[in-house]
Amino acid sequence: MIAHNLRVLFCGINPGLMSAATGHHFARPGNRFWPVLHASGFTPRLLRPDEEHELPAYGLGITNVAARASARADELSDEEMREGGRLLAEKVLRYQPRRLAVLGITAYRVAFRDKAAVIGPQARVIGRTQIWALPNPSGLNAHWTTATMAEEFARLREAAERDEQNEQGDRDEQDEWPGPPPGR
């Protein structure tokens with residue numbers, strides 16, 4: 001689920017078995033992606049996995065680091081993750097989302113070879129796309145609650161909204177400039 005010039009492209013680690021079976025991202029009932037996306041203010045209502053086609057209307061998309069489905073993300077090799085990171089970077093350059101949100105700090109660290117990365121905005125960019133690392137919404141991730149994940153997702157949403165407001169302000173100022181006075 002990807003389109004050009006999205007506000008945020010969310011990137012899961014890889015499809016789980018339920019997602020592979022249904023063809024929808026974050027389809028396993030225990031996965032907290034959809035509740036967190038709504039609780040953080042990205043969507044006006046709680047979407048179901050089979051409604052993922054509505055995301056581009058909100059400026060959002062979803063992809064994965066690795067394509068191979070597995071029961072657990074730790075079943076993927078580091079080589080698969082690094083190759084997935086390379087392919088993801090190519091995808092980001094092609095589609096040019098404003099932000100890429102990698103869901104899982106360990107996945108981000110391995111895919112982009114950045115052992116020091118922490119949750120939040122990253123120093124690395126891909127083209128003009130800012131990268132954020134966010135918590136993995138899998139139900140297996142016991143370190144984060146739905147509420148604390150929603151807080152981190154909301155930080156990304158707020159940063160995106162601030163940037164959009166600043167860009168709109170810059171455009172408005174350019175539109176309002178009357179030019180040099182007559183006769184000069």
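1. A quick word on terms before we start: a residue is called buried at under 20% relative accessible area, exposed at over 50%, and partly exposed in between, using a 1.4 Å probe and protein chains only. By that yardstick arginine 157, with 15% relative accessibility, is buried.

2. Keep in mind that this is a predicted model, where local features need pLDDT of at least 70 and side-chain atom pairs count only at pLDDT 80 or more, while totals for chains, interfaces and linings use all residues. Residues are numbered from 1 along each chain as its sequence is written, and side-chain values use heavy atoms, with hydrogens and water left out.

3. On to the charged side chains. A salt bridge here is a side-chain nitrogen of Lys or Arg within 4 Å of a carboxyl oxygen of Asp or Glu. Counted that way, the model has 14 salt bridges.

4. Arginine 45 is a good place to start looking. Its side chain makes a salt bridge with glutamate 51, with the closest N and O atoms 3.0 Å apart, and arginine 45 also bridges to glutamate 54, where the closest N and O atoms are 3.2 Å apart. How accessible are these residues? Arginine 45 is partly exposed, at 35% relative accessible area, and glutamate 54 is partly exposed too, at 23%. Glutamate 51, on the other hand, is buried at 9%.

5. Those contacts belong to a wider arrangement: Arg45, Arg48, Asp50, Glu51 and Glu54 are linked in a network of salt bridges.

6. Back to arginine 157, the buried residue from the opening point. Its partner in a salt bridge is glutamate 158, at 3.8 Å from N to O. Glutamate 158 is partly exposed, with 37% relative accessibility.

7. Now the rings. A pair of aromatic rings is described by the distance of the centres and the angle of the planes. Rings of Phe, Tyr and Trp (for Trp, the six-membered ring) pair if their centres lie within 6.5 Å; planes under 30 degrees apart count as stacked, over 60 as edge-to-face, and the rest as tilted. Searching the whole structure gives 7 aromatic pairs.

8. One of these is stacked: phenylalanine 26 and phenylalanine 33 sit 4.2 Å apart centre to centre, with 20° between the planes. Both of these phenylalanines are buried. Phenylalanine 33 also pairs with tryptophan 34; their centres are 5.0 Å apart and the planes lie at 80°, so this pair is edge-to-face. Tryptophan 34 is buried, as is phenylalanine 33.

9. Which residues make up the aromatic cluster? Phe10, Phe26, Phe33, Trp34, Phe42 and Phe153 come together as one.
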